[in-house]
Amino acid sequence: MTASTRSGNSTSINGATAAFADAGSSVNIELDGVTKKYQGQERPAVEDFTMSVSPGELVMFVGPSGCGKTTTMKMINRIIEPTSGSIRIADQDVLSLEPNELRRHIGYVIQQIGLFPHLTIFDNIATVPKLLGWSRSRIAERVDELLRLVDLDPGVFARRYPKELSGGQQQRVGVARALAADPPVMLMDEPFGATDPITRDGLQAEFLRIQEGIGKTIVFVTHDFDEAIKLGDRIAVLSDRSQIEQFDTPANILAAPANDYVQSFIGKGTALKRLALIGLSHVELAGVSASTSALEVDERDSLRDALDMLVRSGASSVRVTRGGRVVGAIDFDTISTLLDADARKIPSREQGAP
Ligand code: ATP
C-alpha cells in the first residue's frame, strides 16, 4: 500500500485503507494474546485476551468495574494501543491502519452518549457522513432514515439540541449516530447503562430488532449479566484479574459455568434465566386436554413466560397459540425435562429461538 491511498472519499496517510469499510456484515474481529499494561500500573489492565468474534456476531463483555472492558474496546478502535498481542479486523491488523480512517468505519457508542451539545440532532448524526464527503441530499436522507429506525420522529427531533431530549432519547441518537455511515463494526460501551430499567428494557428490545435487520459485528460492554444473556450471541465473562474466564453462548454459560467465579457472576435464578432463552416454538408441545387451562401463551414467548402463566393459572398445562390459533399445550413436566437436558442440546437464541 502506498503512503497515500484513497477509500471512498477518505484518505489514508500513514497506513493501509480499511479494506473492510464496505464489507457489510462479513467482518470478523480477532484478538490474539492482547495485553495492555498502562504506565505505572502494577498489573495489566487487560491480560492475554485471545478471542474471535464471527461476522455478524454480537459478543458481550461482562465483568466487574476495572477489569479492562473499556480498555479492550479502545484497543479495537485504536484509541489506545496494546502493549503486546495483535488485533485484526477482517484480517487487517488495526495497527496497520490510519487511526482516523479506521474509526470512521467503526461505530462507537458510549454510556455518556458524547453528543455534541452545540450541534442539533441532525448535525450530530451527520458528523461522520460529512467527514466522508457525502452529498447534502444523501446525508438528509440517511439522518431521516436513522431517526425513524430508532423510533424518533425526524420532524420533531432533527432540529432540537441534545439538552432538549430525555436520557433515553439521547441514547437512541447516540446509536443512530454510530450507525450513520453504516459501519460494518460497532463497539458499544454500556450504551444503556445510565437509563432506568423500563427505558433500558425498551432500548434493548429496539436494539435487538435493529440488529436483526442489519447484522453488524458488535462488541458490547455491560456490567449487567441479565443484559448480556438477553442480547448476546456469545458472552465473554471477564474477571477482576483482567482475564477471560469463559467465552461461550448464554445457554452454555448458564448450564455449565466454567468455575466458581462465573457461577457467582451469574447470580441467583439460573434456572429461570435458562428458561428465558428457550422459545416455545422450539419445544415439542403436548396435546390440549380437559385439564388444560384456558390461559394462553404465544409460541414466540419463552419457556419462562410459559412457566409464569402456568403458575398464575394453577393448572397443570396452558395453551400455546400461533397467530391466535391453539397449536398445543405446555406443562410443568416438559419444562423440567428441558431444564434437566444436556444444555448443549437445548435450542438457544443463536439457533433461532426468540
Ligand atoms: P468500568 O466497568 O468501571 O468502566 P472497565 O472494565 O471498563 O471498568 P477499564 O476502564 O478498561 O475497566 O480499566 C481497566 C484498568 O486500567 C483499571 O484498573 C483502570 O484504573 C486502569 N486504567 C484505565 N485507563 C487508564 C489510563 N489511561 N492510565 C492508567 N490506568 C488506566
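Leaving aside neighbours within four places in sequence, F220 is in contact (heavy atoms within 4.5 Å) with L58, V59, M60, F61, M188, P191, F192, F207, E227 and L231. The model is predicted: local features need pLDDT of at least 70, side-chain atom pairs count only at pLDDT 80 or more, and totals for chains, interfaces and linings use all residues. Residues are numbered from 1 along each chain as its sequence is written, and side-chain values use heavy atoms, with hydrogens and water left out.

F220 also belongs to the largest nonpolar core, which has 48 residues. Such a core is a set of buried Ala, Val, Leu, Ile, Met, Phe, Trp, Tyr and Cys residues joined through side-chain atoms within 4.5 Å. Buried means under 20% relative accessible area (1.4 Å probe, protein chains only). I125, M188, F207, F220, F225, I235 and V237 touch the most other members. Helix α7 (residues 167-179; a DSSP run of H or I, at least four residues) supplies the largest share of this core, five residues. A second, separate core of 27 residues includes F49, V185, L187 and V221.

The ligand is surrounded by Y38, Q41, A45, P64, S65, G66, C67, G68, K69, T70, T71 and H223. Each has a heavy atom within 4 Å of the ligand. By class, this shell has four nonpolar, seven polar and one charged residues. Gly counts as polar here.

Three side chains place polar atoms by ligand oxygen atoms. The distance is 2.5 Å for T71, 2.8 Å for K69 and 3.1 Å for H223. Taken alone, the ligand exposes 640 Å² (Shrake-Rupley method, 1.4 Å probe), and the protein buries 58% of that.

Technical notes:
Buried < 20%, exposed > 50% of the residue type's maximum accessible area, 1.4 Å probe, protein only. Helix = DSSP H or I, 4+ residues; strand = E, 2+ residues; numbered from the N terminus. Polar contact = N/O pair within 3.5 Å; in protein donor to acceptor, adjacent residues only side chain to side chain.
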